[in-house]
Protein chains: 2
Amino acid sequence: MIDLAILGLLDEGDLHGYEIRRRVRAQIGLVANISYGSLYPALAKLEKAGDVEVIEGGDEPVASLPSTGSLAGERAAARTRRFGGAKSRRSKKVYRITEQGRAQFAALLAAPGGAEDAKTFGLRWSFARHLDTSARLNLLERRRAQLLSQMDEVEPAGELDHYAKSVVDHAADGVARDIRWLDELIAAERAATESTNKTETAAEPSAARKASA
Amino acid sequence: MIDLAILGLLDEGDLHGYEIRRRVRAQIGLVANISYGSLYPALAKLEKAGDVEVIEGGDEPVASLPSTGSLAGERAAARTRRFGGAKSRRSKKVYRITEQGRAQFAALLAAPGGAEDAKTFGLRWSFARHLDTSARLNLLERRRAQLLSQMDEVEPAGELDHYAKSVVDHAADGVARDIRWLDELIAAERAATESTNKTETAAEPSAARKASA
DNA sequence: CGTCCGCTATATCGGACTGATATATTGGAA
DNA sequence: TTCCAATATATCAGTCCGATATAGCGGACG
């Protein structure tokens, strides 16, 4: 979900479209990516919905590191600003998230529905700081269940040739690796919960502790 | 590319749409998957293009294992056949690949253009038996280059919080693992090329035993 | 000193694919 | 017998990607 990525980044500071894409590529490019073909329509849609607003001569990126490779761009923007705002000006529409947008972000991040595919999960987890421990555990277990159901839909050994088998085996190893990783994250979250043994969230049954392939 | 999967499976025997999807899920479900929403339009398109043809009461699946979970379906098909072919019949359009379709399959499999993403590569490699060694090496190196360019587009360390860092690190490990795998496959192909003079596929050399990260 | 290249930046379009839904048919369980 | 689950085909709205178009700007280069 591209809205999630956009709102999540805008929550850390005002940005324009090009920079949003650059940050997604630089930060979580190995997990998910967005194209202009979906980015700009999504921004227009979010603006119409009132989740974001345009602040024309948007200065200070609020979040740290204003530079990082876009020095020329920043200078260009400064010059644009100096020139005054003749309406013929194009270039650089800076977006800011609204209160409604923040609520929408929280809703998308919680997102009880849906299949939790790799990209969406990666995106959600990269914003996991916005969730509480029980929501985090819920997310991890949802992804884990998704991987398990994916695994036992595949036939055990099948009569595949050498090449097909190599790709299937590699993929199976990858899934097993992902599940181990999820188990570590789940354990870490549980440990964090117990160490904060105030009272809250003492229960959380969440039955998925055996599952040894 | 869904056409590649369809033609590749039909090359092993006549099938109807439902069974094509079942086999994709069962055989390479961890790598790629197809939905009805793309499968049936694709079949219609391929038929119109002359790459496949419909054989109405399609019998013997040609390829082995006619059963595997679809016993009921096969019996139903048999009964349908006994009933005779009143044109009001719906159910079960069995497809067969044409000569032109085989050529198209070869073209799609070679496919010099395109970015070689994970799913497409997995699909291509699972059909690698249809390629010669040099085409196989070309495919492997294309995928390898794709992963490398993907890696150095990401910023080195970035100031990410704990959760984002965990997902990025995990993804980076996954890419490194994929590259090691590709290196093994490349080494194996090279070894196979050099030992062609003797008994073909002499010992499955597994010639990549170093694999130092 | 001009002009051409590459980067920043926004925008749109066609095409591919998904997920949901609708519709038939049939074998088997209750 | 009735109803459910599985088999089987088909379509649709929505989502996303890749390619392409446009445009301002700074610097390289002769």
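## Exercises on a predicted two-chain model

A:Glu53 sits in strand β2 (residues 52-54) of chain A. Let's start from there; keep in mind that the model is predicted.

**Exercise 1. Decide whether A:Glu53 is buried, exposed or partly exposed, and find which residues it touches.**

Step 1: Count the neighbours. A:Glu53 has 15 C-beta neighbours inside 10 Å.

Step 2: Apply the cut-offs. A residue is buried at 20 or more and exposed at 12 or fewer, so A:Glu53 counts as partly exposed with its 15 neighbours.

Step 3: Look for contacts, leaving out residues up to four places away in sequence. A:Glu53 then touches A:Glu47, A:Arg96 and A:Thr98.

Step 4: Place A:Glu53 in the chain as a whole. Its C-alpha atom is separated by 41 Å from that of A:Gly174, a residue 121 places away along the chain. Remember A:Gly174 for Exercise 3.

**Exercise 2. Describe how helix α1 of chain A is covered, and how its axis lies against that of α3(A).**

Step 1: Check burial. In α1 (residues 2-10) of chain A, 7 of the 9 residues are buried, and the helix is mostly covered. The buried residues are A:Leu4, A:Ala5, A:Ile6, A:Leu7, A:Gly8, A:Leu9 and A:Leu10.

Step 2: Compare the axes. Those of α1(A) and helix α3 (residues 36-49) of chain A come within 10 Å and cross at roughly 70 degrees.

Step 3: Name the arrangement. Angles of 65 to 115 degrees count as roughly perpendicular, and α1(A) and α3(A) are therefore roughly perpendicular to each other.

Step 4: List who meets whom. From α1(A) come A:Ile2, A:Asp3 and A:Ile6; from α3(A) come A:Ser38, A:Leu39, A:Ala42, A:Leu43 and A:Leu46. Sorted by class, this contact has 6 nonpolar, 1 polar and 1 charged residues.

**Exercise 3. Work out what relation links chain A to chain B, and what each chain gives to the contact.**

Step 1: Superpose the chains. A turn of 180 degrees with a shift of 0.0 Å along the axis lays chain A on chain B with an RMSD of 0.0 Å.

Step 2: Read off the relation. This is the relation of a two-fold axis.

Step 3: Find the residue of chain A that comes closest to the rotation axis. It is A:Gly174, at 3.8 Å (C-alpha). The same surface serves both copies, as 100% of the contact residues of chain A recur in chain B.

Step 4: Describe the contact. It takes 33 residues from chain A and 33 residues from chain B. On the side of chain A, the elements that give two or more residues are α2 (17-28), α6 (118-126) and α8 (162-195). With 12 residues, α8(A) gives the most. By class, this side has 17 nonpolar, 10 polar and 6 charged residues.

**Exercise 4. In chain B, trace the strands that pair with β3, then characterise B:Ser91.**

Step 1: Take β1 (residues 15-16) of chain B. This strand pairs with β3 (residues 94-97) of chain B in the antiparallel sense over 2 bridges, and B:Leu15 has B:Tyr95 as its bridge partner.

Step 2: Take β2 (residues 52-55) of chain B. It also runs antiparallel to β3(B), joined by 4 bridges, and B:Ile55 is partnered with B:Val94.

Step 3: Turn to the loop between α4 (71-82) and β3 of chain B, where B:Ser91 is found. B:Ser91 counts as exposed because it has 9 C-beta neighbours inside 10 Å.

Step 4: Finish with a distance. The C-alpha atoms of B:Ser91 and B:Trp181 are separated by 43 Å, with these positions 90 residues apart along the chain.

Methods. Residues are numbered from 1 along each chain as its sequence is written. Chains are lettered from A and ligands numbered from 1 in the order in which they are written. This is a predicted model: local features need pLDDT of at least 70, side-chain atom pairs count only at pLDDT 80 or more; totals for chains, interfaces and linings use all residues. Two residues are in contact if their C-beta atoms, placed from the backbone, lie within 7 Å. Ala, Val, Leu, Ile, Met, Phe, Trp, Tyr, Cys and Pro count as nonpolar, Asp, Glu, Lys and Arg as charged, and the others, Gly among them, as polar. Copies are superposed by least squares on the C-alpha atoms of residues with pLDDT of at least 70 in both. Two strands pair if DSSP finds at least two bridges between them. Axes are lines fitted to C-alpha atoms, for helices over the stretch in contact, and angles run from 0 to 180 degrees between N-to-C directions. Angles under 35 degrees count as roughly parallel, over 145 as roughly antiparallel, 65 to 115 as roughly perpendicular and the rest as oblique.
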